[in-house]
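User: I'm new to this one and would love a close look at a single part. Could you walk me through it once it is on screen?
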Amino acid sequence: MRSIIKAPLAALAASAVLAGPVSAELTGDLKIFLDTSNPAPRATMEAMIADFQDLHPDLNIETTVIDREEYKTQIRNFLTANPPDVATWYAANRMRPYVDAELFEDVSDLWQEPEIAENLASTKGAMTIDGKQWGVPYTYYQWGVYYRKDIYEELGLEEPNTWDAFKANCQAILDSGRKCFTIGTKFLWTAGGWFDYLNMRTNGFDFHMQLANGEVSWEDDRVKQTFANWQELVDMGAFIDNHQTYSWQEALPFMVNGDAVHYLMGNFAVAPLRDAGLTDDQIDFYQFPAITDGIALAEDAPTDTFHIPANAANKEAAREFLRFVVSADVQTEINNGQNLGQLPVNAQSSVDDDKFLNEGFAMLSSNSPGGVAQFWDRDAPAEMAKASMEGFQEFMVKPENLDRILARLERARQRIYQ
Amino acid sequence: MATTAMPVSGTGPGDGRSWFHRNQIAITPWLFLAPGVLFFLFYVIFPVFQSFNISLYAWDGLGEAEFVGLRNYEDLYWEFVDRDAFYTSLKNNILWLLLYLLAIPAGLLIALFLNQTVAGIRIYKSLFFFPFVISQVVVGLVFTWFYDPTFGLLNTIIGWFGLGPISVLGDERYVTYGIIAAGLWPQTAYCMILYLTGLNAVDPEQIEAGRLDGAKGWKMLWYVVIPQLKPATFIAFVVTIIGALRSFDLISIMTQGGPFGSSRVLAFYMFEVALSEYGFRMGYGAAIAVVLFLIMLCFIAYFLWSMYREERGAR
Amino acid sequence: MFPTPIEKTSRSWQLTYQTLLPIALIMWLLPLIAVAVFSIRPDADFTTGNYWGIPSSFEGIANYSRVFFESDMPRYLLNSVFITVPTVIGAVALSCMTGFALGIYKFRGNLWIFFMFVAGNFVPFQILMVPVRDLTLSMGLYNTIPGLVLFHIAFQTGFCTLFMRNFIRALPYELIEAARVEGIAEWRIFWYVVLPLMKPAIAALSVLIFTFIWNDYFWAVVLTQGVESQPVTAGITSFNAQYRAAYHLMSAGSIVAALPPVLMFFLMQRHFIAGLTLGAVK
């Protein structure tokens, strides 16, 4: 399978590369660190790197795959002690500690090249800090409400467009003896997704970003309104019990077994749901409904990225690799359903014919007028993200503690953004 | 090694003794000590002082460190006053210290139960002991599943009595106790083995004398046996206190400090703020470490003092 | 002997005791037995909710062979060996020397150096976390097995010195005096007189340190990353991340990770307990 696609891909990629300014033959070592440790992404990345190797036979490529969770804590060590030439990471504020510490290479020059400037314009903002670009994206994916279509049909429900319809559906599901939403908040970030949507729908994208940047008080009435909306769901008993003890994967069986009907998640949840035996007739997807009238819909679409460490040894080859990764055909290939199953970042690429990818792409390109956020823990600085997501978890278990939680977050804000 | 120079002098002639030979007894201990002491100074003692120093800086571990004086401690103070994470950690640490000591009586109890000579008792003793040999990581996993609200054995059992289910690790009221119970499992085994050895050495004549005086059961235990177990109790106390203050593995495996930070202890909290996924505050982590160290210092001083007294009593 | 030996008690208590023993043991090991049962279950039992019934089929061999052949587990186990064995050798060798120096010689500062080791050993090792990590990074040993081994040796030297010094103190001092009268050089006294007498202590300490280091998790997380250097305690968490919610595999993996020190304990039980309980009796 892979060998069939390889040849044309390599040829196409070669033409994409020729369009770039560098055409000298690359030599030396290229060390690549990847966090794509799950089986499918890992295979995808390794195949892509093999294609790059075919284009540059004199380059000695060495790939290291690190567990995705561990990577998050280890990046700071290897960037200083043992820097590779290329490393994966995440966009937006999640880059900031390394940008501030001058550990990421400024790659604004790549973004000047027409190939990238024209085709990747939509993600430029997420890669920019202090007016410079610090890496390139290689994939992104939508978030949204995944649900059990068969149970919706059984209960005679429709995809909701409004907050009231959303809650009414939920009530009907609860009345049928199921839980409305599965979620596992042990590692906190899943609650961040809920906050993103509730806050962006209640107060809009701009307010959400102001909050992430520490420009608004956590005790602001608008924030309280977001939590009031959230509390409606919590008070209904919409979320599964004991979610604070589950990881996001451990929360999947509730949906698979039909004990819970929805999962607010990223598109990466589709693969394990399918693996667990759900068919495309049983799973479907809709955009999180509007809450406040007149607020433009905005979405979460986290972008995963490649960077060149500032201390990299072979920056020339690394730049070439980045050009290769974002080229239209490579983007089409690595993001297709058999590979990452996500969305390509290059406007010239085509989205794989998968119902979730098509829906997601349509939603992000035409139905997200408010803007596109990265994700709470990528938009807010690390410490604020941590403190606030812990607060979200506490709120979901103990909504009566809200005032104390907000006071605590406000104190954290005063300290973190000073 | 530092001793390589010595064969020369060791095989030297008896007369015309070298300076080294004359001072052999004074020099040798230093040569033997040198590698161990230097290593220990480099990796243990020196870093302790470094931690004190780092705690005066704001440093994300990546860029430049900025001197902030006692600001980190001030932040800790306010966290304490506002009952934030530091308060929770400190409170849990005290809980750990107190409840972990239960391992001592529990270990004694099991030791008394097993201190018999029936067939196969050696196997029983080994099997009772072996939770201690298992890594805390595995103990943590085992107990996480034991407590699981949907399939855990604990809830299955209390279900038979019509109770539960309780989510031990998901409820901020129970979580710390649940983790401490998991930690007590190996720690009790440790104390048990100390007491089994101690009981072996109890003077049978004193027991007989006690019997003649009419001491039985609890009285005998309290007035005759326990005083003789004092050395075992001392060691059990030392290792239990150290174990309680070092508790990190179980929390990291079982709850990651959650739910919403309610099972943190100082050792975990400092790791969290300094090196975890969202933690970039090296100086703050060091400040927490210093607090933990100061708590431990009370105990270290006590241990050293009792050892010092003992040394005085000896030679 | 206390409590009263069972053979001197009433017949009924003897019987009660004999039945109580196995029951108590099963209760004591219940959490572990549960995991052992999980590890031989088929995947299907977990999706059908058959957690505690009779396993629908015996899948022990399949589960364990997946752990050994389809995961990084063997590599982690090997790393653990490469970390543990040099640490045991290093720490025991260093502490034989320090213990000898502190146990035999009288000199100014003897007790203070000894107390330094003891105090350092009792330090909550988390206080070393930030500096030691930096030290290891700056020496270029971060994420290497030697980086972890060097620290472990240094830290364990504290405990080992305490142990060795007390052991040597208890040796008959006359032996050393007699050797000195014979004019034997000090290093030869160490090598030919004291060291042979220390064999039981060396055995006990080796087994003990093996277990401590094998089970270390904290430093493995702080000083290493990734499969090329992490020991099995840290590896089990990545293993679990890979098989999240596959309880049969996670259980089998946990048992594999726990096994080597358990084997060590059962093989070397006498030494192990001698090591742990040194000082528990006068």
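How many residues of chain B are in contact with chain C, and how many of chain C with chain B?

Analyst: Happy to help! This is a predicted model, in which local features need pLDDT of at least 70 and side-chain atom pairs count only at pLDDT 80 or more, while totals for chains, interfaces and linings use all residues. Residues are numbered from 1 along each chain as its sequence is written, with chains lettered from A and ligands numbered from 1 in the order in which they are written.

Now to your question: 86 residues of chain B are in contact with 79 residues of chain C, where contact means that the C-beta atoms of two residues, placed from the backbone, lie within 7 Å. On the chain B side, helix α3 (residues 24–54) gives the most, with 21 residues; helices (H or I, at least four residues) and strands (E, at least two) are DSSP runs, numbered from the N terminus. By class, this side of chain B holds 65 nonpolar, 18 polar and 3 charged residues. Here Ala, Val, Leu, Ile, Met, Phe, Trp, Tyr, Cys and Pro count as nonpolar, Asp, Glu, Lys and Arg as charged, and the others, Gly among them, as polar.

It also helps to know how chain B is divided: domain 1 covers 2–54 and domain 2 covers 66–313, with bounds from an automatic or database domain assignment. The C-alpha centres of domain 1 and domain 2 of chain B lie 38 Å apart.

Chain B has a contact with chain A as well: 25 residues of chain A touch 21 residues of chain B. On the chain A side, α18(A) provides the largest share, 8 residues, and the classes are 8 nonpolar, 6 polar and 11 charged.
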